[in-house]
Amino acid sequence: MHLPLDHDPIHEVAVDGWWSDGGQLLHLREDGSYARYGTTNRYRPPAEIGRWSQASYALLWLEPYDALRTRRVRVGIDRLDDGQLALVPPSGPPFGPIDAPPGVLEDR
């Protein structure tokens with residue numbers, strides 16, 4: 001029996017940009033840095049900053065800047081049931097791509 005992969009490893013997937021799980025934002029910047037916001041307001045100080053790298057078509061690493069220790073968080077790249085690309089952290093809901101962060105009071 002042939003079971004296809006959720007997404008084709010031959011097709012390169014761009015994961016930089018804005019992601020949200022509905023309660024938090026994750027911004028993967030083109031320069032390899034990232035910021036994770038504890039809310040959907042990008043004007044608040046980030047809850048975590050660091051660097052990210054894509055290990056394969058199905059995996060990326062988040063490495064928070066932390067002066068006390070070095071750690072890496074393994075984040076899966078997958079497709080949800082509706083076919084949408086998602087970043088799946090080890091805990092919590094998956095992050096889906098968004099075109100831009102949601103509008104907040106500071107945008108006015």
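## Starting at the first hairpin

Strand 1 and strand 2 form a hairpin, with four residues lying between them, and glycine 22 in the turn has a positive phi of about 95°. This is a predicted model, so please read each feature below in that light. Strand 1 covers residues 17-20 and pairs with strand 2 in the antiparallel sense, over four bridges. One pairing to look for is glycine 17, whose bridge partner in strand 2 is leucine 28.

Strand 2 is covered on both faces. Leu25 and His27 are buried on one side, and Leu26 and Leu28 are buried on the other. In general, side chains in a regular strand alternate between the two faces of the sheet.

## The chain as a whole

Stepping back, the protein chain has zero helices and eight strands. Its pattern along the sequence therefore reads β-β-β-β-β-β-β-β. The chain has 108 residues, and 35% of them count as buried.

The exposed surface of the protein chain comes to about 7,100 Å², with carbon and sulfur atoms supplying 51% of it. As for contacts between residues at least 6 apart in sequence, 32% join residues at least 24 apart.

## On to strands 3 and 4

Strand 2 also pairs with strand 3, again in the antiparallel sense and over four bridges. Leucine 25 has tyrosine 37 as its bridge partner in strand 3, while leucine 28 has tyrosine 34. Leucine 28 is thus a handy residue to follow, because its bridge partners include glycine 17 and tyrosine 34. These two strands form a hairpin as well, with four residues between strand 2 and strand 3. In that turn, glycine 32 has a positive phi of about 95°.

How many of the five residues of strand 3 are buried? Four of them are, so strand 3 (residues 33-37) is largely enclosed by the rest of the structure. Strand 3 is joined in turn to strand 4 (residues 48-56) by four bridges, and the two run antiparallel. Here alanine 35 stands opposite isoleucine 49 of strand 4.

## The hairpin of strands 6 and 7

Further along the chain, strand 6 and strand 7 pair over four bridges in the antiparallel sense. Aspartate 78 has alanine 86 in strand 7 as its bridge partner. This hairpin has five residues between its strands, and glycine 83 in the turn has a positive phi of about 90°.

## The nonpolar core

Nonpolar side chains tend to be buried together in soluble globular proteins. In this model, the largest nonpolar core has 15 residues. The members that touch the most others are Val15, Trp19, Leu26, Leu28, Leu60, Leu62 and Leu87. Strand 2 (25-28), strand 5 (59-64), strand 6 (73-79) and strand 7 (85-88) each supply at least two residues of this core. Strand 6 gives the most, with three residues.

Leucine 60 is a good place to see the neighbourhood in detail. Leaving aside residues up to four places away in sequence, leucine 60 touches Val15, Leu28, Ser53, Gln54, Ala55, Val73, Arg74, Val75, Ile77 and Leu87.

## A buried glutamate and a charge over a ring

Is glutamate 63 buried or exposed? Glutamate 63 lies in strand 5 and is buried, because its relative accessible area is 13%, under the 20% cut-off. Its contacts, not counting residues up to four places away in sequence, are Tyr34, Gly50, Arg51, Ser53, Arg71 and Arg72.

Arg72 also takes part in another arrangement: its charged end sits over the ring of tryptophan 61, 3.8 Å from the ring centre. The structure also holds one aromatic pair.

## Two residues with distant sequence neighbours

Tyrosine 57 sits in the loop between strand 4 and strand 5. With 31% relative accessibility, tyrosine 57 counts as partly exposed. Tyrosine 57 and glutamate 12 are 45 residues apart in sequence, and their C-alpha atoms are 7.0 Å apart in space.

Aspartate 99 belongs to the segment after strand 8 (96-98). Aspartate 99 is exposed, with a relative accessible area of 84%. Its C-alpha atom is separated by 7.9 Å from that of glycine 17, with their positions 82 residues apart along the chain. That leads back to where we began, since glycine 17 is the residue bridged to leucine 28 of strand 2.

Terms used. Residues are numbered from 1 along each chain as its sequence is written. This is a predicted model: local features need pLDDT of at least 70, side-chain atom pairs count only at pLDDT 80 or more; totals for chains, interfaces and linings use all residues. Side-chain values use heavy atoms; hydrogens and water are left out. A nonpolar core is a set of buried Ala, Val, Leu, Ile, Met, Phe, Trp, Tyr and Cys residues joined through side-chain atoms within 4.5 Å. Buried means under 20% relative accessible area, exposed over 50%, partly exposed in between (1.4 Å probe, protein chains only). Contact means heavy atoms within 4.5 Å. Two strands pair if DSSP finds at least two bridges between them. Accessible areas come from the Shrake-Rupley method with a 1.4 Å probe; for residues, only the protein chains shown count as cover. Rings of Phe, Tyr and Trp (its six-membered ring) pair if their centres lie within 6.5 Å; planes under 30 degrees apart count as stacked, over 60 as edge-to-face and the rest as tilted. A charge sits over a ring if NZ of Lys or CZ of Arg is within 6 Å of the ring centre and within 35 degrees of the ring normal.
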